[in-house]
Amino acid sequence: MQLETKRALFRPEEDAVKPSEAEKQYAHQRAAMIAQYTLNPKGVRNVWCLREVCLRCGASEAQTLYEKFGPNRRCRRCGETWYVNHCWSCSTGWIDSRDPETPTCSVCGWHKCAACNSCRILGCTTNPYKRGRRHSDATLLAAVDN
Ligand SMILES: [Zn+2]
Ligand SMILES: [Zn+2]
Ligand SMILES: [Zn+2]
């Protein structure tokens, strides 16, 4: 009987589903960020927690696509697709097809890195970088020369 009373008072399954204040605050901030970047996606490539979030409908945990070219994320709810990846050429750049600061190159069609300006991995006339000569290599070589 005593055990039953204890069980009635302590219901871990209910406590677990009730969001804490911190969780509520996080959900609020997340919603505000989604609203902000939906309105203006400039810089969204650097917001790591939105890389898997659909900016069209706000759904989380996008499906990862393993196609060679084109979008590599698809929203499980609305079907929106986008591309997000780190830059192959430098060590700091991120590419996001939703970000106007990493648009596609008018010559090769690959997204341009906002940090180093590289696009196609095999090389492009718009920049000196290709697979064998990355922006990060150029930076290292310049450091050695000096
Ligand atoms: Zn969606
Ligand atoms: Zn880059
Ligand atoms: Zn290009």
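**Exercise 1. Strand pairing**

Determine in which sense strand β2 and β3 pair, and over how many bridges.

Solution. In this predicted model, β2 covers residues 73-74. Its pairing with β3 is antiparallel and runs over two bridges. One bridge can be named by residue: arginine 73 has tryptophan 82 of β3 as its partner.

**Exercise 2. The sheet**

Give the order of the three strands in the open sheet and name the edge strands.

Solution. The order is β1-β2-β3, with antiparallel pairing. β1 (63-64) and β3 (81-82) each pair on one side only, and they are the edge strands.

**Exercise 3. Helix α3**

Compare the expected span of helix α3 with the distance between its end C-alpha atoms.

Solution. Helix α3 takes in residues 21-39, a count of 19 residues. The rise is 1.5 Å a residue, and the expected span is 1.5 Å times one less than the number of residues, so α3 should span 27 Å. The end C-alpha atoms lie 27 Å apart, which agrees. As for burial, α3 is hardly covered: one of its 19 residues is buried.

**Exercise 4. Nonpolar cores**

Which residues make up the largest nonpolar core?

Solution. This core has 10 residues: Trp82, Val84, Cys87, Cys90, Trp94, Ile95, Cys113, Ala114, Cys116 and Tyr129. A second, separate core has seven residues, among them Ile34, Val53, Ala62 and Cys75.

**Exercise 5. The whole chain**

State how many helices and strands the chain has, and their pattern along the sequence.

Solution. The chain has four helices and five strands. Their pattern along the sequence is α-α-α-β-β-β-β-β-α. Of the 146 residues, 22% count as buried.

Terms used: Residues are numbered from 1 along each chain as its sequence is written. Chains are lettered from A and ligands numbered from 1 in the order in which they are written. This is a predicted model: local features need pLDDT of at least 70, side-chain atom pairs count only at pLDDT 80 or more; totals for chains, interfaces and linings use all residues. A nonpolar core is a set of buried Ala, Val, Leu, Ile, Met, Phe, Trp, Tyr and Cys residues joined through C-beta atoms within 7 Å. A residue is buried if 20 or more other C-beta atoms lie within 10 Å of its own, exposed if 12 or fewer, and partly exposed in between; C-beta atoms are placed from the backbone. Two strands pair if DSSP finds at least two bridges between them.
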